[in-house]
Amino acid sequence: MLGNARLKPIATTLSTLYTASDDCVVSSIVICNIGSASSFRVAVRPLGASIDDSHYIYYDLPLDANDTFIFTGGITLKSTDVLSVYSGSGNISFNLFFST
(Lines give C-alpha, C1' and ligand atoms only; values in the text may rest on other atoms or scores of the structure.)
Protein backbone atom coordinates (compact mmCIF):
# COMPACT_ATOMS: atom_id res chain seq x y z
CA MET A 1 0.00 0.00 0.00
CA LEU A 2 1.27 3.49 -0.83
CA GLY A 3 1.12 6.32 1.68
CA ASN A 4 2.26 9.83 2.36
CA ALA A 5 2.60 12.33 5.18
CA ARG A 6 2.95 16.11 5.11
CA LEU A 7 4.09 18.65 7.68
CA LYS A 8 5.23 22.27 7.90
CA PRO A 9 6.77 22.31 11.38
CA ILE A 10 7.16 25.30 13.67
CA ALA A 11 10.60 26.93 13.41
CA THR A 12 13.44 25.34 15.40
CA THR A 13 11.26 22.54 16.76
CA LEU A 14 11.98 18.88 16.07
CA SER A 15 8.60 17.48 15.01
CA THR A 16 7.21 14.08 14.09
CA LEU A 17 6.50 13.77 10.38
CA TYR A 18 5.56 10.10 10.52
CA THR A 19 5.35 7.23 13.01
CA ALA A 20 5.35 3.83 11.31
CA SER A 21 2.42 1.63 12.28
CA ASP A 22 3.77 -1.21 10.14
CA ASP A 23 7.10 -1.89 8.47
CA CYS A 24 7.47 0.36 5.44
CA VAL A 25 10.00 1.70 2.94
CA VAL A 26 10.40 5.44 2.43
CA SER A 27 10.82 6.07 -1.29
CA SER A 28 11.27 9.84 -1.12
CA ILE A 29 11.15 12.93 1.04
CA VAL A 30 10.46 16.21 -0.71
CA ILE A 31 11.61 19.26 1.25
CA CYS A 32 10.40 22.61 -0.07
CA ASN A 33 11.49 26.02 1.18
CA ILE A 34 8.66 28.49 0.65
CA GLY A 35 10.52 31.44 2.23
CA SER A 36 13.99 32.85 2.75
CA ALA A 37 17.16 30.73 2.89
CA SER A 38 17.15 28.33 5.82
CA SER A 39 18.27 24.86 6.86
CA PHE A 40 16.62 21.58 7.77
CA ARG A 41 17.17 18.34 9.65
CA VAL A 42 15.80 14.82 9.15
CA ALA A 43 16.18 12.02 11.70
CA VAL A 44 14.99 8.44 12.08
CA ARG A 45 14.34 7.52 15.72
CA PRO A 46 14.25 3.72 16.11
CA LEU A 47 11.28 2.53 18.15
CA GLY A 48 10.43 6.14 18.97
CA ALA A 49 13.62 6.63 21.01
CA SER A 50 14.59 10.06 22.28
CA ILE A 51 16.62 11.99 19.74
CA ASP A 52 20.33 11.23 19.60
CA ASP A 53 23.02 12.61 17.30
CA SER A 54 23.31 9.19 15.63
CA HIS A 55 19.68 9.38 14.39
CA TYR A 56 20.21 12.25 11.95
CA ILE A 57 20.46 11.59 8.23
CA TYR A 58 20.57 15.35 7.47
CA TYR A 59 21.63 18.00 9.96
CA ASP A 60 21.38 21.73 9.25
CA LEU A 61 21.54 21.17 5.51
CA PRO A 62 21.15 24.58 3.85
CA LEU A 63 18.21 25.16 1.53
CA ASP A 64 18.04 28.31 -0.57
CA ALA A 65 14.94 30.47 -0.74
CA ASN A 66 12.22 28.99 -2.97
CA ASP A 67 14.24 25.82 -3.53
CA THR A 68 13.41 22.13 -3.18
CA PHE A 69 15.55 19.22 -1.99
CA ILE A 70 14.44 15.70 -2.91
CA PHE A 71 15.75 12.63 -1.10
CA THR A 72 15.22 9.48 -3.14
CA GLY A 73 16.37 6.26 -1.61
CA GLY A 74 15.07 3.47 0.48
CA ILE A 75 14.85 3.99 4.21
CA THR A 76 13.28 1.00 5.90
CA LEU A 77 11.17 1.90 8.91
CA LYS A 78 10.10 -0.74 11.40
CA SER A 79 6.84 -0.48 13.30
CA THR A 80 7.00 2.42 15.84
CA ASP A 81 10.07 4.02 14.20
CA VAL A 82 9.63 7.79 14.00
CA LEU A 83 10.76 10.06 11.18
CA SER A 84 11.36 13.52 12.63
CA VAL A 85 11.99 16.82 10.86
CA TYR A 86 13.18 20.30 11.78
CA SER A 87 13.03 23.64 9.99
CA GLY A 88 15.37 26.48 10.87
CA SER A 89 12.84 29.10 9.76
CA GLY A 90 9.37 27.54 9.87
CA ASN A 91 9.08 28.11 6.10
CA ILE A 92 9.96 24.59 5.04
CA SER A 93 7.41 21.91 4.21
CA PHE A 94 8.17 18.17 4.26
CA ASN A 95 6.36 15.55 2.15
CA LEU A 96 7.08 11.88 2.79
CA PHE A 97 6.16 9.07 0.37
CA PHE A 98 6.33 5.42 1.41
CA SER A 99 5.02 1.92 0.74
CA THR A 100 4.05 -0.83 3.17
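This section describes the strand arrangement and the salt bridges of a predicted model.

Two open sheets are considered in turn. Strands of a sheet pair through backbone hydrogen bonds, in either a parallel or an antiparallel manner. One open sheet is built from 4 strands in the order β2-β7-β4-β5, and its pairing is antiparallel. Strands β2 (15–19) and β5 (56–63) form its edges, each pairing on one side only. On average, neighbouring strands of this sheet are turned by 20° against each other, with direction ignored. The edge strand β2 runs antiparallel to β7 (residues 82–87), and 4 bridges join the two. Within this pairing, T19 has V82 of β7 as its bridge partner.

Another open sheet, also antiparallel in its pairing, contains 4 strands in the order β1-β8-β3-β6. Its edges are β1 (2–7) and β6 (68–77); each has a single partner strand, so one side of each is left without a neighbour in the sheet. From one strand to the next, the twist averages 15°. The edge strand β1 is joined by 6 bridges to β8 (residues 92–99), and these two strands run antiparallel. Here L7 stands opposite F94 in β8.

Contacts between charged side chains were examined next. Side chains of opposite charge can pair when their charged atoms come close. With a cut-off of 4 Å between a side-chain nitrogen of Lys or Arg and a carboxyl oxygen of Asp or Glu, the count comes to 2 salt bridges.

One salt bridge is formed by D23 and K78, whose closest N and O atoms are 3.6 Å apart. D23 lies in the loop between β2 and β3 (24–33), while K78 lies in the loop between β6 and β7; the pair therefore ties together parts that are 55 residues apart in sequence. D23 has a relative accessibility of 42% and so counts as partly exposed. K78 counts as partly exposed because its relative accessibility is 45%.

A salt bridge also joins the side chains of R41 and D60, with an N to O distance of 2.7 Å. R41 belongs to strand β4 (residues 38–45) and D60 to strand β5, so that this pair links distant parts of the chain, 19 residues apart. R41 is buried, because its relative accessible area is 14% and the limit for a buried residue is under 20%. D60, with a relative accessible area of 33%, is partly exposed.

Conventions: Residues numbered from 1 in each chain as written. Predicted model: local features only at pLDDT ≥ 70, side-chain atom pairs only at ≥ 80, totals over all residues. Heavy atoms only, no water. Pairing = 2+ DSSP bridges. Axes fitted to C-alpha atoms, helices over the stretch in contact; angles between N-to-C directions. Buried < 20%, exposed > 50% of the residue type's maximum accessible area, 1.4 Å probe, protein only.
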